[in-house]
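Open the model in your viewer and keep the selection box at hand. The tour goes stop by stop.

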Amino acid sequence: MSTLISHQPQSTRWPLVFLAIFAGASGALCLGKVPAVLGMLRSELGLTLVEASYLASAFNTLAILFSLFLGLLLTRWSGRQTGVVGLLVIVTGGALALPATGLAMMLLSRIVEGIGFLLVSVAMPAFIVTVTREEDKRLALSLWAVNLPLGAAAGMLLTPWLTAQGGWHLAWLILMALQLSALLLLLVSRPADKLRVGTPKKSINSSHLLRQLTVLRQQALWRYGLAFTLYSLMLWALFVWLPTMLQGSPGIGQSQIALLSALAVVANIPGNLMGAWLLRRCVARDRLISWALGLMALCGMLAFWPGLSPWWAYGLCLALSLSGGMAPPAILSSAQGVSQGPVQLAIVQGFFVQLANLGQLLGPLLLATLMTDNGHWGNARWLFLGGLLLAIGLYLWHRPPVGGQEPN
């Protein structure tokens with residue numbers, strides 16, 4: 001059994017909060033870099049379509065299998081220490097790709113990077129909690145949601161440009177330099193450990209570890225997790241197939257497709273900030289999640305409506321990404337209310353990452369299945385109609401009784 005020390009900072013250390021977001025975004029660079037140059041990697045490394053798909057899906061598979069349990073590492077290390085290890089693993093994974101001449105070494109690189117990314121993803125929210133006062137924890141965790149679209153979009157934009165300058169090896173090296181800078185900044189943030197909450201003083205036995213997992217019994221946690229699955233399912237169905245949808249559209253050249261696709265990812269960021277602001281203004285959490293998911297689904301249905309012009313469809317895709325961005329701050333910040341201590345917080349974050357990656361894996365596959373009948377993009381609207389019905393179901397699952405108070 002462990003004895004826990006509880007120290008709360010007197011004021012929020014916002015530079016460290018933004019450092020955690022930077023660390024998460026630097027890890028998320030790995031999400032955007034490979035899809036952005038996958039065609040070039042196929043050509044240079046001699047990969048088949050199936051082999052290339054292994055590289056693209058490696059992150060999702062790892063997250064689905066392991067992210068929930070990586071939070072238990074915080075019984076041994078602080079959030080900062082786990083984040084440092086995670087970034088070191090990411091940099092090591094990137095270095096493994098440099099001598100790659102085929103699938104094996106590149107796939108090993110992606111697996112190592114994926115483990116590091118998951119470590120950072122579960123560690124940084126715990127780090128954020130240790131450097132914020134109680135009144136600011138929910139806002140800080142809401143802002144944490146920006147890290148994923150910021151890093152993925154930066155990877156999608158930087159990698160093709162850097163590859164054009166000096167090949168994919170240069171792109172990998174520059175992105176590794178950004179990740180290494182985040183690692184060094186975390187290392188020099190060591191004084192934050194003095195603010196650690198729930199620092200284990202003694203060894204922790206297996207029964208204690210099992211008790212930490214009891215946080216998963218809460219119904220609210222599963223409702224938020226399923227909401228995150230639905231959000232990522234709809235969003236990544238769009239992100240993965242948007243470049244293909246734009247191909248052949250009048251007035252949209254190949255060079256514009258990459259930029260327009262990255263802008264759709266970037267549009268998620270102001271949505272994240274809007275969601276954090278609305279939570280700060282005391283908009284009810286479940287209502288915000290339901291409206292965000294409902295607007296996403298509605299925009300998706302209209303974007304893929306038969307006969308709609310390409311530019312109107314693209315505008316609706318931007319609206320989908322923007323409105324959907326309000327959901328992650330509400331979902332991720334709920335972890336503070338359902339968890340007790342940094343270990344349970346990390347487990348909850350790992351649970352969210354697990355279900356989000358399940359959605360990322362299922363969304364593109366489901367949309368592709370709908371497209372196999374006749375090849376018309378209009379079939380995609382049925383995916384978003386299903387999303388709308390599920391969003392309504394999630395809201396009705398939560399809806400308080402008449403005259404009741406809706407918790408925030």
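Helices (H or I, at least four residues) and strands (E, at least two) are DSSP runs, numbered from the N terminus. This is a predicted model, in which local features need pLDDT of at least 70 and side-chain atom pairs count only at pLDDT 80 or more, while totals for chains, interfaces and linings use all residues. Residues are numbered from 1 along each chain as its sequence is written, and side-chain values use heavy atoms, with hydrogens and water left out.

**Stop 1: Val266**

Select Val266. It sits in helix 10 (residues 254-266). Buried means under 20% relative accessible area, exposed over 50%, and partly exposed in between (1.4 Å probe, protein chains only). Val266 has 29% relative accessibility, so it counts as partly exposed. Now add Gly325. The C-alpha atoms of Val266 and Gly325 are separated by 10.0 Å, with their positions 59 residues apart along the chain.

**Stop 2: two more distant pairs**

Go to Ala303, in helix 12. Ala303 is buried, because its relative accessibility is 5%. Add Gly378 and draw a distance: the C-alpha atoms of Ala303 and Gly378 are 8.7 Å apart, and the two residues are 75 residues apart along the chain.

Next, pick Leu183 in helix 7. Leu183 has 6% relative accessibility and therefore counts as buried. Its partner here is Leu88, 95 residues away along the chain, with 7.0 Å between the C-alpha atoms.

**Stop 3: a loop residue**

Select Cys282. It is in the loop between helix 11 (268-280) and helix 12 (285-303). Check the backbone: phi of Cys282 is near 70°, a positive value in a residue other than glycine. Is Cys282 buried or exposed? At 63% relative accessibility, Cys282 counts as exposed.

**Stop 4: aromatic rings**

Show the side chains of Phe, Tyr and Trp. Rings of these residues (for Trp, the six-membered ring) pair if their centres lie within 6.5 Å; planes under 30 degrees apart count as stacked, over 60 as edge-to-face and the rest as tilted. The structure holds 10 aromatic pairs. Start with Phe59 and Phe117: their ring centres are 5.6 Å apart and their planes are at 40°, so this pair is tilted. Phe59 lies in helix 3 (residues 49-70) and Phe117 in helix 5 (residues 103-130), so the pair ties together parts that are 58 residues apart in sequence. Phe59 counts as buried, at 4% relative accessibility. Phe117 is buried as well, at 7%.

Move to Trp311 and Tyr314. This aromatic pair is edge-to-face, with 6.3 Å from centre to centre and 90° between the planes. Both residues lie in helix 13 (residues 310-324), three residues apart, about one turn of the helix. Trp311 counts as partly exposed at 44% relative accessibility. Tyr314 counts as buried at 6%.

Then select Trp222, Phe228, Tyr231, Phe351 and Phe352 together. Ring pairs link these residues into a cluster.

**Stop 5: charges over rings**

A charge sits over a ring if NZ of Lys or CZ of Arg is within 6 Å of the ring centre and within 35 degrees of the ring normal. Select Arg223 and Tyr224: Arg223 lies over the face of Tyr224, at 5.2 Å from the ring centre. Then take Arg381 and Trp305. Here Arg381 lies over the ring face of Trp305, and the distance to the ring centre is 5.0 Å.

**Stop 6: helix pairs**

Switch to cartoon. Axes are lines fitted to C-alpha atoms, for helices over the stretch in contact, and angles run from 0 to 180 degrees between N-to-C directions. Angles under 35 degrees count as roughly parallel, over 145 as roughly antiparallel, 65 to 115 as roughly perpendicular and the rest as oblique.

Colour helix 1 (residues 14-36) and helix 7 (residues 147-187). They pack at an angle of about 155°, with their axes 4 Å apart. Helix 1 and helix 7 are therefore roughly antiparallel to each other.

Add helix 5 and helix 16 (residues 341-371). Their axes come within 9 Å and cross at roughly 140°. Helix 5 and helix 16 are therefore oblique to each other.

Finish with helix 5 and helix 6 (residues 137-144). The axes of helix 5 and helix 6 come within 9 Å, crossing at roughly 150°. This pair is therefore roughly antiparallel.
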